[in-house]
Amino acid sequence: MSNLQRTMANEKKGTILIIDDDPATLDLLEDYLQDANYRVLVAEDGQSGLKRANEAGPDLILLDVMMLGIDGFEVCHRLKEAQQTKDIPVIFMTALDDSIDKVKGFEAGAVDYITKPMPCQEILARVNTHLTIFRLQKSLQNQNRQLKEENFRRRRVQDALRESRERYRLLAENSTDMISRQSPEGVYLYMSPACRTVLGYEIEEMVGHAALEFFHPQAKKENPILNRPMAEWPPVSTITCQACCKDGAYIWLETTTKIIRDPGTEMIVEIIAVARNVTERKEAEDALQEAHDKLELRVQERTAELAETNAALRRFVPHEFLRILGKASIIDVSLGDQVQRDMTILFSDLRSFTSLSETMSPQDNFNFLNGYLSRVSPVIREYHGFIDKYVGDAVMALFPEQAEHALQAAIAMRREILRYNTKRVTKGRVQIDSGAGIHTGTLMLGTVGEEERLEGTVISDAVNLAYRLEGLTKMYGASIVISQHVLFNLEQPTQYRFRFLDRVRVKGKIEAVSVFEIFDGNPAETIDLKLETQTDFEKGLLHYHNQEFAEAKAHFERVKKRNPADKAAQLYLKRAAHLMEYGVPPDWEGIEALTEK
């Protein structure tokens, strides 16, 4: 069937199946009913009529009684036995007018009887009537079915509701938690029996009262949500606050509240709340918090103590020492830890401290040394160095980064001593002076001693040479003496004022080292005199090393005349005079051998 045909069929009043073995009757009824806007199906015998009815499911069947083969009574009987066709109304068409035949037809399941010859208007009226009745019956059947289904659903819902209410009742009555229903204003409408054991109240003593009446006065401060209207509460919330028992005692309640709202209006219908006694838990939490606070305080105190201990330890073991060893803490240091590094070593020593200390008491000695060291030690840290050790009035410092830092520190120390001397003079005390030797080289930094007594130290020929260079400051009357290794490692050597002093060889070493005097840090007049005589001094050195001692002596004499305090010039005058008088040894190289400080 095409879509157009289906559309037309759907617009028909209904489908009628005509079963008759008389072609003339079939044609007549088919044409008439089609003109009346019915869809008409035809079958020429009982067997094909049964098949057509089963396939098409018509709305009404016009059935002839007297047919060859299966007669109309048998066809009707079979139609009513079949599940698919039993409800289709059947109208018999027959020439039989006997009452017995009509009764037989009704007993077979027919709804009406039309006697041939059949007036068409009567047929149409009967068809319309029975189709209307059939449709009304079907509608009624559908309604009845829907009603039965609705009743069944309602019974199931009611049963489930009763079961749920029973479970709720059992839960509420047997729960150790207080379960309540409240009005939108927070007034108890129902309270479970647990209120007796939790708060000591009877149910009647709580129903009708607002929940807030039983809370501690501080509850609103501890739970700000209690200050908000119920309409602003979230769907589910939990608060913990104190509630008053009937005997006046307070316990801690943890209350979970669920707001029930009307889906249409969003208005609050009721409030369901479950409250449980959490006093033991709260007391345990408070005790735990108190213990935690005490522990936190102890940790802070201990941390402060450790910080103080570490600060104290840093005064004995510099942090830089640990950092170079790759240790995070003093507790990580073990005997034998060591590392090899290139560093610059600075030795500084007070002049004539022994004779000076003889004039002071032991307490005064300590006070003097600490006063002096408290001024020069910070300078070393300022220029990125750290103090390896104090040896009486002497200071040994290490500079891990740049040689320039050590030289700048030595100059700053000289200036600090000049300022210190100004104060000492105003107090009637003698001025002090110092010398500093600086050398750059490879050294071993690590720990020595034994398990019960460790000490950090550095071991190297470089340390020995720096120590010797500090001793040369007295010999040459210099404040700062550096080795060639320091000079060659300066980034901007021209910013310093210096002069070549000598070539020296440490005892046990073959290689000689050139040493230089740094003027910076001295009083301005001393610097000016040495700069003014520097040309004569250097020419004198050139003649001296060329074994031209008379010419050397002349230049050193001019230096001495202009600057009588120049000990280096005086020293070379003595050497030149000695060599002129006693001659030059065969192995003379113009190198000074350092055998002792």
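Which side chains meet in a salt bridge at 3.2 Å, N to O? I looked this up before anything else, and found Arg497 and Asp520. By salt bridge I mean a side-chain nitrogen of Lys or Arg within 4 Å of a carboxyl oxygen of Asp or Glu.

**Ground rules**

I am working from a predicted model, where local features need pLDDT of at least 70 and side-chain atom pairs count only at pLDDT 80 or more, while totals for chains, interfaces and linings use all residues. I number residues from 1 along each chain as its sequence is written, and side-chain values use heavy atoms, with hydrogens and water left out.

**Entry: salt bridges**

Back to my opening pair. Arg497 sits in the loop between helix H16 (484-488) and strand E17 (498-506), and Asp520 in the loop between strand E18 (513-518) and helix H17 (524-532), so their salt bridge ties together parts that are 23 residues apart in sequence. I take helices (H or I, at least four residues) and strands (E, at least two) as DSSP runs, numbered from the N terminus.

Are the two partners buried or exposed? Arg497 is partly exposed at 35% relative accessibility, whereas Asp520 is buried, with a relative accessible area of 6%. My cut-offs are under 20% relative accessible area for buried, over 50% for exposed, and partly exposed in between (1.4 Å probe, protein chains only).

Next I checked Glu517, which forms a salt bridge with Arg499, with the closest N and O atoms 2.9 Å apart. This pair links distant parts of the chain, Glu517 being in strand E18 and Arg499 in strand E17, 18 residues apart. Both Glu517 and Arg499 are buried.

A third pair is Arg558 with Asp536, at 3.4 Å, N to O. Arg558 belongs to helix H19 (residues 549-562) and Asp536 to helix H18 (residues 534-545), so the bridge ties together parts 22 residues apart in sequence. Arg558 is partly exposed at 42% relative accessibility, and Asp536 is partly exposed at 22%. I also noted one network, in which salt bridges that share partners join Arg298, Glu301, Arg302 and Glu305. My tally for the structure is 30 salt bridges.

**Entry: overall build**

I counted up 20 helices and 19 strands in the protein. The radius of gyration is 61 Å, well over the 25 Å that the globule rule gives for 597 residues, so the protein is more spread out than a compact globule. That radius is taken over C-alpha atoms, and the rule is 2.2 Å times the number of residues to the power 0.38. Along the principal axes, the C-alpha atoms fill a box of roughly 185 × 75 × 45 Å.

Buried residues make up 41% of the 597 residues. Of the contacts (heavy atoms within 4.5 Å) with a separation of 6 or more, 59% are between residues 24 or more positions apart.

**Entry: the largest nonpolar core**

A nonpolar core here is a set of buried Ala, Val, Leu, Ile, Met, Phe, Trp, Tyr and Cys residues joined through side-chain atoms within 4.5 Å. Which members of the largest one touch the most other members? I found Phe368, Tyr372, Leu407, Ile432, Ile438, Ile480 and Ile482, out of 36 residues. Helix H14 (residues 403-426) gives this core its largest share, ten residues.

I then followed Ile432. Leaving aside neighbours within four places in sequence, Ile432 contacts Leu350, Leu356, Phe368, Tyr372, Ile417, Tyr420, Asn421 and Arg424.

H14 itself has 24 residues and reaches 36 Å from its first C-alpha to its last, close to the 34 Å expected at 1.5 Å a residue; the expected span is 1.5 Å times one less than the number of residues. Just after H14, Gly428 takes a positive phi of about 80°.

**Entry: strands**

I count two strands as paired if DSSP finds at least two bridges between them. Strand E3 (residues 60-64) is mostly covered, with five of its five residues buried. Leu60, Leu62 and Asp64 point one way from E3, and Ile61 and Leu63 the other way.

E3 pairs in the parallel sense with strand E1 (residues 15-19) over four bridges, where Ile18 has Leu62 as its bridge partner. E3 also pairs with strand E4 (residues 90-94), again parallel and over four bridges; there, Asp64 is partnered by Met93.

Elsewhere, strands E8 (residues 236-244) and E9 (residues 250-261) pair in the antiparallel sense over nine bridges, and Ser237 has Thr257 as its bridge partner in E9. E8 and E9 form a hairpin with five residues between them, and Gly248 in the turn has a positive phi of about 95°.
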